[in-house]
Amino acid sequence: MKYNLHTHTKRCNHAEGEDREYVENAIKAGMKVLGFSDHCPQFFPKKDYYSYFRMFPEQAFEYAESVRALQKEYASDIKILLGFEAEYYPETYDEFISFIRPLKLDYMLLGQHFVGNEYDEDSYYSAEKARGERFLTQYVEQVKEGLSKGVFSVFAHPDIVYFSGSPSFYRDKMTELCRFAKERGIPLEFNMLGYASKRSYPAPEFWRIVAEVGNKVVLGYDAHSPQMLLRDDMADECRRMLNVCGLSTIDFEEITLRNENL
Ligand SMILES: [Zn+2]
Ligand SMILES: [Zn+2]
């Protein structure tokens, strides 16, 4: 069954198109489930910091209303889910959870774009190159803590972290991370946007580890435009890449939507 749980909207300031166009293209593409997972508002202790690559807190309710209205309108054609792609920032996690609770989300993706957070000087963009062992260790510890909260249903682009050090160190750390996700039954996402735009992820060496550990895998379009949902060619290429590593994607029914703590 064709589905996608990684879909953005123009509210994050770096995606385009109307919510309805995403739904219509998903139907056109033959998808049975479309999950909206726009970049979630985050909260910052430094009040002079504002993040412009995710929706603002004041947009969240309008976003939820729009997705819920489409869910009703298209109920006979496609199952629509309301979600968010969120960071795990330990310092502001409680504030974040109390903010999203009234939205009654169907699911959340963990997308750890920053190691540490995005406002402190000793924090880093996860995909930034040439970082050392301490950085990779910090990434792994932070996402393990995030995944253990029981609020994330899928771990998006787990291999976003860029590491140029010792391959055996990478192997050990990422094996630890994959095992951790597997024990909790949280599938790992092979990110189609990263693949299509030739980013450092999906990283082949990571997916070989995934195959060894035996994680569940999903394909995430990471659509920032409605057109992305029509890229069957790209989706097929991603699946072929996974097959080369000895992996295949799971069906939607095999994903546990963890929303009881949301
Ligand atoms: Zn984005
Ligand atoms: Zn995304």
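These are my notebook entries on helix packing, strands and a few single residues in this predicted model.

**Entry 1: α5 against α7**

I started with helix α5, residues 167-183, and helix α7, residues 204-213. I looked up how their axes run: they come within 9 Å and cross at roughly 50°. That angle makes α5 oblique to α7. I also noted the hand of the crossing, and α5 passes α7 in a right-handed one.

Next I listed who meets whom. From α5 I have Y170, R171, M174, T175, C178, R179 and K182. Facing them from α7 are E205, F206, I209, V210 and V213. I sorted the residues of this contact by type: seven are nonpolar, one is polar and four are charged.

**Entry 2: α4 against α5**

I then turned to helix α4, residues 133-147, which also packs on α5. Here the angle is about 0° and the axes are 10 Å apart. An angle under 35 degrees counts as roughly parallel, so α4 is roughly parallel to α5.

On the α4 side I wrote down E133, L136, T137, V140, V143, K144 and L147. On the α5 side I wrote down F169, Y170, K173, E176, L177, F180 and A181. The tally for this contact is nine nonpolar, one polar and four charged. Y170 of α5 caught my eye, as it is listed in the contact with α7 and also in the contact with α4.

**Entry 3: strands β1 and β2**

How does strand β1 run relative to β2? I found that β1, residues 3-4, is joined to β2 by two bridges, and the strands run parallel. Y3 stands opposite V33 of β2.

I checked the cover on β2 as well. Six of its seven residues are buried, so I put the strand down as mostly covered.

F36 is in β2, which spans residues 33-39. I counted 28 C-beta neighbours inside 10 Å for F36, and it therefore counts as buried. Leaving aside residues within four places in sequence, F36 is in contact with T7, T9, V67, L81, L82 and G83. I also took one long distance: F36 and T92 are 56 residues apart in sequence, and their C-alpha atoms are 23 Å apart.

**Entry 4: strands β3 and β4**

Strand β3, residues 79-86, pairs with β4 in the parallel sense, over four bridges. For A86, I traced the bridge partner in β4 to L110.

I then looked at the two sides of β4, residues 107-110. Side chains in a regular strand alternate between the two faces of the sheet. Y107 and L109 lie on one side, M108 and L110 on the other. All of these are buried, and both faces of β4 are covered.

**Entry 5: strands β8 and β9**

Strand β8, residues 188-191, pairs with β9 in the parallel sense, and I found four bridges. E189 stands opposite V218 of β9.

Strand β9 covers residues 217-220. V217 and L219 point one way, while V218 and G220 point the other way. I have them all down as buried.

**Entry 6: the loop between α6 and α7**

P202 lies in the loop between α6 and α7. I checked the peptide bond joining Y201 and P202: it is cis, with omega about -5°.

Is P202 buried or exposed? It has 23 C-beta neighbours inside 10 Å, so it counts as buried. Not counting residues up to four places away in sequence, P202 touches D159, F190, N191, G194, Y195 and W207. D159 is 43 residues from P202 along the chain, yet their C-alpha atoms are separated by 6.2 Å.

K198 is in the loop between α6 and α7 too. Its phi is positive, about 50°, although K198 is not a glycine. I counted 6 C-beta neighbours inside 10 Å, so K198 counts as exposed.

**Entry 7: D222**

I closed with D222, found in the loop between β9 and α8. Its phi is near 50°, a positive value in a residue other than glycine. With 25 C-beta neighbours inside 10 Å, D222 counts as buried. I set this beside K198, which has a positive phi of about 50° but counts as exposed.

Technical notes
Residues are numbered from 1 along each chain as its sequence is written. Chains are lettered from A and ligands numbered from 1 in the order in which they are written. This is a predicted model: local features need pLDDT of at least 70, side-chain atom pairs count only at pLDDT 80 or more; totals for chains, interfaces and linings use all residues. Axes are lines fitted to C-alpha atoms, for helices over the stretch in contact, and angles run from 0 to 180 degrees between N-to-C directions. Angles under 35 degrees count as roughly parallel, over 145 as roughly antiparallel, 65 to 115 as roughly perpendicular and the rest as oblique. A crossing is left-handed if the near helix is turned anticlockwise from the far one by less than a right angle, and right-handed if clockwise. Two residues are in contact if their C-beta atoms, placed from the backbone, lie within 7 Å. Ala, Val, Leu, Ile, Met, Phe, Trp, Tyr, Cys and Pro count as nonpolar, Asp, Glu, Lys and Arg as charged, and the others, Gly among them, as polar. A residue is buried if 20 or more other C-beta atoms lie within 10 Å of its own, exposed if 12 or fewer, and partly exposed in between; C-beta atoms are placed from the backbone. Two strands pair if DSSP finds at least two bridges between them.
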